[in-house]
Amino acid sequence: MHMASSVSSQQDQVIVEVKSFARILTLNRPKQLNALSFQMTSRLLELFIAYEEDPNVKLVILKGKGRAFCAGGDVADLVHAIRAGGWKSRLNNFLKGYTSNYLMATYSKPQVSILNGIVMGGGNGASMHGRFRVATENTLFAMPETAVGLFPDVGASYFLSRLPGFFGEYLGLTGARLDGAEMLACGLATHFVPSAKLPMLEAALCEIDSSDPGFISSIICQYSEQPSLKPQSVYNRLDVIDRCFSQKTVEEILSALEREVVDRRDDWISATIRILKKASPTSLKISLRSIRVGRFQGVGPCLVREYRMVSHVMRGEFSKDLLEGCRAILLDKDKNPKWEPSKLELVTDTVVDRYFSKVKDEDWEDLKLPVRSKFNLPPYVIAKL
């Protein structure tokens with residue numbers, strides 16, 4: 001009996017609709033803003049593997065129920081697990097999650113993610129790697145990990161590092177929020193469709209008997225609009241962002257921002273400085289290094305490296321900032337984390353190097369990603385390897 005109920009709850013968390021040649025997968029934990037449980041991650045991985053081998057499936061549509069696509073992984077649950085069962089108790093979540101991110105990134109069939117609502121953290125892992133990412137006027141994007149003592153993972157060092165200029169460093173370090181128009185402008189979204197037109201778009205996609213991305217794109221374009229950026233959009237500040245976030249170290253990024261404030265009073269720059277000063281110094285340093293290294297790596301090596309990093313973060317050997325950040329932001333909500341080390345200069349390059357090395361533990365091993373054959377993958381996928 002117990003077995004049956006766990007299977008049904010797993011299936012309830014991801015609703016599957018079979019529509020001729022399309023499969024619609026709906027993330028279904030609306031009260032938790034579709035935060036990814038281990039069951040959801042496992043189920044998505046299982047479904048994506050099955051659909052790739054099924055010649056009747058031509059495309060996969062992924063969406064969320066309620067006001068979020070997916071607000072990320074269940075970080076509070078992760079922290080409870082680390083406290084109760086030790087750092088290894090949740091590694092399997094990351095293993096499955098990163099494997100599904102890799103599968104989506106290297107998928108031989110188009111994935112259309114409909115980002116109508118909040119998409120943060122792990123939600124970006126489930127969508128940004130796919131071929132089509134449809135934003136709406138309700139979309140809210142962020143990678144807010146540095147505020148809780150984590151770093152942008154789920155392959156973010158791959159997709160953030162490929163944004164224009166140094167916009168990826170800015171998003172990854174500050175956790176800044178973007179709307180749908182901004183996502184389209186910087187390339188995180190491939191299309192912008194007003195939410196009122198989504199039912200028609202979905203119906204049209206379900207009619208398609210093709211995996212040709214050009215053809216699928218032309219269908220999405222029929223419902224798309226070109227939204228204009230709000231006058232105060234951060235994307236209109238790319239010049240300042242590039243000047244400051246191109247600096248070599250986090251300390252130099254902060255100094256560059258402080259120099260900008262001297263020249264002119266600018267609330268946005270002051271707010272950016274405050275956000276960086278409130279984030280975990282360890283998180284900022286490893287995040288910057290991760291995005292910089294990611295710029296020169298394929299998506300697989302990025303995920304393998306991020307798995308090493310997240311293992312070190314959870315192990316808490318050098319810094320327990322993840323536990324402290326979750327306590328302050330998510331559990332006690334006093335919003336006053338006491339980071340340790342508390343200053344950027346205490347997080348030396350030697351310490352940062354450690355996060356990128358293998359974990360010295362006989363039970364731990366590197367992430368082993370499935371081998372992908374280049375023969376049956378489209379050119380846009382081969383470019384990511």
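Where is Leu33 found? Keep that in mind as you go through these close-ups, and remember that this is a predicted model.

**View 1. Leu33 sits in a loop and has a positive phi.** To settle the opening question, Leu33 is found in the loop between strand E2 (22-27) and helix H2 (38-53). Its phi is near 55°, a positive value in a residue other than glycine. Why point that out? Because most residues other than glycine have a negative phi, and most peptide bonds are trans. As for the surface, Leu33 has 21% relative accessibility, so it counts as partly exposed.

**View 2. The loop between H16 and H17 holds Lys335 and Pro341.** Helix H16 covers 321-331, and helix H17 covers 349-355. Lys335, in the loop between them, isn't a glycine, yet its phi is positive at about 55°. Lys335 has 52% relative accessibility and therefore counts as exposed. Further along, look for the bond that joins Glu340 and Pro341: this peptide bond is cis, with omega about 0°.

**View 3. Helix H7 crosses helix H13 at an oblique angle.** Two packed helices are described by the angle between their axes and the distance between the axes. For H7 (residues 167-174) and H13 (residues 267-278), the axes come within 9 Å and cross at roughly 55°. That angle makes H7 oblique to H13. On the H7 side you'll find Tyr170, Leu173 and Thr174, which meet Trp268, Thr272, Ile275 and Leu276 in H13. Sorted by class, the residues of this contact of H7 with H13 are 5 nonpolar, 2 polar and no charged.

**View 4. Helix H7 also packs against helix H11.** Here the angle is about 75°, and the axes of H7 and H11 are 8 Å apart. That makes H7 roughly perpendicular to H11. Phe167, Glu169, Tyr170, Leu173 and Thr174 are the H7 residues in this contact, and they meet Leu238, Ile241, Asp242 and Phe245 in H11. The contact of H7 with H11 has 6 nonpolar, 1 polar and 2 charged residues.

**View 5. Phe167 and Tyr235 make an aromatic pair.** A search of the whole structure finds 8 aromatic pairs. In the one formed by Phe167 and Tyr235, the rings are edge-to-face, 5.0 Å centre to centre with 75° between the planes. The two partners are 68 residues apart along the chain: Phe167 is in helix H7, while Tyr235 is in the loop between helix H10 (213-221) and helix H11 (238-245). Are these two residues buried or exposed? Phe167 and Tyr235 are both buried. Widen the view a bit and you'll see a cluster, with ring pairs linking Phe167, Tyr170, Tyr235, Phe245 and Trp268.

**View 6. Tyr307 and Trp364 form a stacked pair.** The ring centres of Tyr307 and Trp364 are 6.1 Å apart and their planes are at 20°, so this pair is stacked. Tyr307 belongs to helix H15 (residues 299-315), and Trp364 to the loop between helix H17 (349-355) and helix H18 (379-382), with the two positions 57 residues apart along the chain. Tyr307 and Trp364 are both buried.

**View 7. Two arginines have their charged ends over tyrosine rings.** The charged end of Arg23 sits over the ring of Tyr51, 5.9 Å from the ring centre. For Arg131, the ring underneath is that of Tyr380, and the distance to its centre is 4.8 Å.

**View 8. Ala279 is buried in a loop.** Look between H13 and helix H14 (281-294) to find Ala279. Ala279 has a relative accessible area of 4%, so it is buried. Which residues touch Ala279, leaving aside its neighbours within four places in sequence? They are Thr146, Leu284 and Trp339. Trp339 is 60 residues from Ala279 along the chain, yet their C-alpha atoms are separated by 8.4 Å.

**View 9. Helix H9 has several buried residues.** In H9 (residues 198-206), the buried residues are Leu198, Leu201, Glu202, Ala204, Leu205 and Cys206. Their cover includes strands E1 (14-19), E2, E3 (59-64), E5 (111-115) and E7 (132-135), along with helix H10.

Methods. Residues are numbered from 1 along each chain as its sequence is written. This is a predicted model: local features need pLDDT of at least 70, side-chain atom pairs count only at pLDDT 80 or more; totals for chains, interfaces and linings use all residues. Side-chain values use heavy atoms; hydrogens and water are left out. Axes are lines fitted to C-alpha atoms, for helices over the stretch in contact, and angles run from 0 to 180 degrees between N-to-C directions. Helices (H or I, at least four residues) and strands (E, at least two) are DSSP runs, numbered from the N terminus. Angles under 35 degrees count as roughly parallel, over 145 as roughly antiparallel, 65 to 115 as roughly perpendicular and the rest as oblique. Contact means heavy atoms within 4.5 Å. Ala, Val, Leu, Ile, Met, Phe, Trp, Tyr, Cys and Pro count as nonpolar, Asp, Glu, Lys and Arg as charged, and the others, Gly among them, as polar. Rings of Phe, Tyr and Trp (its six-membered ring) pair if their centres lie within 6.5 Å; planes under 30 degrees apart count as stacked, over 60 as edge-to-face and the rest as tilted. Buried means under 20% relative accessible area, exposed over 50%, partly exposed in between (1.4 Å probe, protein chains only). A charge sits over a ring if NZ of Lys or CZ of Arg is within 6 Å of the ring centre and within 35 degrees of the ring normal.
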